[in-house]
Amino acid sequence: MLKIRSISSVIIVILISSITFVLPATAQPRGGFLLTGADAAYAWFDASFEDADFRVCNGELFIGYVKADRLLYFGTRGGPNPHSDVQVIFNGECDGDTVVLEGVRGALNHPDWAEMVELEAAYLDNFVLTLGEVGSGAPVADVTVHWEAIGDTWTETFHTSDSHSVHLTRAADVVFEDVTIGDNSVVLNLKEAIITHYNENNRGSSQ
């Protein structure tokens, strides 16, 4: 059985960091946001690969895919818009040196690369994103991951000082994965995966 992590410490943090990562620092809204009709698929792997300097890298690889019907930033003009992105984070060591590689890329209007089926399945097919600043020599990841939900659905509600969210979640299995970082294939061992459907109201008081 997969050991499910606390959604309060994983899903909410990932969503907020993903939205923050996409926007330039000077453009980040301070009034919070309302996210409705959101679906997400997350997977954590033990990962090993060889980097461009021929170092052996070992650590944890996180892959997250979020798709939401409506994202509204409070205090800004305009109505709610759809939102979708893919985030990849490698956290580990390369021949003893601590390495963190992180990238996020919008996934709207790419049905051939990213598809979500609410609380049932999610598909990333050759989704390409840069793990670092574009143009800085950061490696490019090519991600193919197929999730299938397993088991029953459970409900969790979370309150913090500035946010409220309700999640319907299922454990998931990754039935196919093929990931490269740079020019090298990544050896993956699945640790945990989930698929979730949720709404979140973040008032932004701590931003």
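User: Leaving aside its neighbours within four places in sequence, which residues is Glu-120 in contact with?

Analyst: Contact means heavy atoms within 4.5 Å. By that rule, Glu-120 touches Trp-147, Glu-148, Ala-149, Arg-170 and Ile-195. One thing before we go on: this is a predicted model, where local features need pLDDT of at least 70 and side-chain atom pairs count only at pLDDT 80 or more, while totals for chains, interfaces and linings use all residues. Residues are numbered from 1 along each chain as its sequence is written, and side-chain values use heavy atoms, with hydrogens and water left out.

User: Where does Glu-120 lie?

Analyst: Helices (H or I, at least four residues) and strands (E, at least two) are DSSP runs, numbered from the N terminus. Glu-120 sits in the loop between strand 5 (114-117) and strand 6 (121-130). Its C-alpha is 8.2 Å from that of Ile-150, although the two are 30 residues apart in sequence.

User: How many helices and strands are there in the protein?

Analyst: You'll find 1 helix and 10 strands. Along the sequence, the pattern reads α-β-β-β-β-β-β-β-β-β-β.

User: What is the mean pLDDT of the protein?

Analyst: pLDDT is the predictor's confidence in each residue, from 0 to 100. Here the mean is 87, and 84% of the residues reach 70 or more. Among the elements, helix 1 (residues 7-22) has the lowest mean, 43, and strand 9 (residues 184-185) the highest, 98. Over residues 11-29 the pLDDT is below 50, and this stretch has 42 contacts in the model beyond near neighbours in sequence. Where pLDDT is low, don't read the predicted coordinates in detail.

User: Which residues form a disulfide?

Analyst: A disulfide is a covalent bond between the sulfur atoms of two cysteines. The cut-off used is a pair of cysteine sulfur atoms within 2.5 Å. Cys-57 and Cys-94 fit, with their sulfur atoms 2.1 Å apart. Cys-57 is in strand 2 (residues 56-73) and Cys-94 in strand 3, so the pair ties together parts 37 residues apart in sequence.

User: Are Cys-57 and Cys-94 buried or exposed?

Analyst: Buried means under 20% relative accessible area, exposed over 50%, and partly exposed in between (1.4 Å probe, protein chains only). Both Cys-57 and Cys-94 are buried. Of the protein's 207 residues, 43% count as buried. Glu-120, at 44% relative accessible area, is partly exposed.
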